[in-house]
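Please walk through this structure one region at a time, and keep the sequence at hand while doing so.

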Amino acid sequence: MPAVSRDSSGLGVARAVAFVSPALLLIGLFLVFPALWTIYIGLTDYTLTGPASVAPSFVGIENFLNALDDALFGNALWLTLVFVFGSAVLGQNLLGFGLAWLMRSAKPLVRRVVEALVLLAWILPSVVVAYLWTAVLDRDGGTLNALLGNESTAWLVEYPMASLIVFNTWRGTAFSMMLYSSALAAVPPSQLETARTVGANGWQTIRDVVFPHIRGHVLTNTLLISLWTANDFGPFLLTAGGPNHESETLPVFIYQQAIANGELGYSAAISFLLLIVNLVVALLYLLLLRRRA
């Protein structure tokens, strides 16, 4: 048998490289170079002002060791995990799937209205959304306190992390809803009808019929929303990391170290550690997807 040509398109190596070179250039310019620059800055004592801003010194892994020994970094890492698990892995996943499941049998007008409202929360600018939620959760004249007849609860002060989890769940559900709506459309209707015929309830239908078909979509969605949430700067707009670092996730902590404290080298080291965490999470999900395949 003749050998199968690996160049199925017939472009040749030179033309193939020419086609992909613009994409590779953009990836190198906006992804690879900033990552390498962050690693370099993290190995120095670079600061925002002062002598070290002009002539930074090489300090090796000192910034990384200081971060691992910093109680505030440990606190920010823990709060980031709580934020991701509460608002992405659980909140957006469950709410997005629940809306997609309910909208399958809803009237077209109802479905379009719900989808429009959910998408609106996703596409509005972060500053606008943060202002709206501040107005809702404010102690003095806030909408939530007015509905509850309570004028003494400062939600963003007394329950900062819970408020951020609810806020991010509300805002980010649109992506999960759209992805699960597309995934549910691929579930064979005959299997759903068979489940109803044999008397399966809603949970049994989802567990035994729906989930095996959308397992890959669940893993993909969880990976994407977890990474987005872990790197989300939105919490700063609501609480600025307060009170007393109780809502200071890693992106907010990095900002405080870089801008407020001027420790650019230290903040770059923490940024690289966050990148490592993201890569580990991504590899775990990819491993799960490979096992499924």
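What does helix H11 (residues 202–230) span between its end C-alpha atoms, and what would a straight helix of 29 residues span? At 1.5 Å a residue, the straight helix would span 42 Å, but H11 spans only 32 Å. The model is a predicted one, and the values here are computed from it. H11 has a kink of about 70° at Phe-211. The proline Pro-212 follows shortly after that kink. At the start of H11 there is a polar contact: a side-chain oxygen of Asn-201 comes to within 3.3 Å of the backbone nitrogen of Trp-203.

The next topic is charged side chains. How many salt bridges does the structure hold? There are 3 salt bridges. One of them joins Arg-207 and Asp-208, whose closest N and O atoms are 3.0 Å apart. Arg-207 counts as partly exposed because its relative accessibility is 41%, and Asp-208 is partly exposed too, at 47%.

Another salt bridge links the side chains of Arg-196 and Glu-193, at 2.6 Å from N to O. Where do these two residues sit relative to each other in helix H10? They are 3 residues apart in H10 (residues 189–197), so about one helical turn separates them. An α-helix has 3.6 residues a turn, so residues three or four places apart point the same way. Glu-193 is partly exposed, because its relative accessible area is 41%.

A salt bridge is also found between the side chains of Asp-140 and Arg-139, with an N to O distance of 3.7 Å. Is Asp-140 buried or exposed? With a relative accessible area of 54%, Asp-140 is exposed, because the cut-off for exposed is over 50%. Arg-139, at 41% relative accessibility, counts as partly exposed.

From charged residues we turn to nonpolar ones on the surface. Which residues make a nonpolar surface patch of about 1000 Å²? The patch is made by Phe-19, Val-20, Leu-24, Leu-26, Ile-27, Leu-29, Phe-30, Leu-31, Val-32 and Leu-36. One of these, Leu-31, lies in helix H1 (residues 13–42). Leu-31 is classed as exposed because its relative accessible area is 57%.

Now consider the loop between helix H12 (234–239) and helix H13 (250–260), which is where Pro-243 is placed. Most residues other than glycine have a negative phi, and most peptide bonds are trans. The peptide bond from Gly-242 to Pro-243, however, is cis, with omega near -5°. Ala-240 is found in the loop between H12 and H13, and has a positive phi of about 55° although it is not a glycine. Ala-240 counts as partly exposed, because its relative accessibility is 35%. His-245 is likewise in the loop between H12 and H13. Its phi is positive, at about 65°, although His-245 is not a glycine. At 31% relative accessibility, His-245 counts as partly exposed.

After the loop comes a residue of helix H13, Ile-259. How many residues apart in sequence are Ile-259 and Gly-50, and what is their distance in space? The two are 209 residues apart in sequence, and their C-alpha atoms are 14 Å apart in space. Ile-259 itself is partly exposed, because its relative accessible area is 45%.

Definitions and conventions. Residues are numbered from 1 along each chain as its sequence is written. This is a predicted model: local features need pLDDT of at least 70, side-chain atom pairs count only at pLDDT 80 or more; totals for chains, interfaces and linings use all residues. Side-chain values use heavy atoms; hydrogens and water are left out. Helices (H or I, at least four residues) and strands (E, at least two) are DSSP runs, numbered from the N terminus. The expected span of a helix is 1.5 Å times one less than its number of residues. The bend at a residue is the angle between axes fitted to the seven residues ending there and the seven starting there. A polar contact is a pair of N or O atoms within 3.5 Å; within protein, one must be able to donate a hydrogen and the other to accept it, and residues adjacent in sequence count only if both atoms are side-chain atoms. Patches are made of residues with over 30% relative accessible area and no salt bridge: like charges are joined within 9 Å, nonpolar side chains (Val, Leu, Ile, Met, Phe, Trp, Tyr) within 5 Å. Accessible areas come from the Shrake-Rupley method with a 1.4 Å probe; for residues, only the protein chains shown count as cover. A salt bridge is a side-chain nitrogen of Lys or Arg within 4 Å of a carboxyl oxygen of Asp or Glu. Buried means under 20% relative accessible area, exposed over 50%, partly exposed in between (1.4 Å probe, protein chains only).
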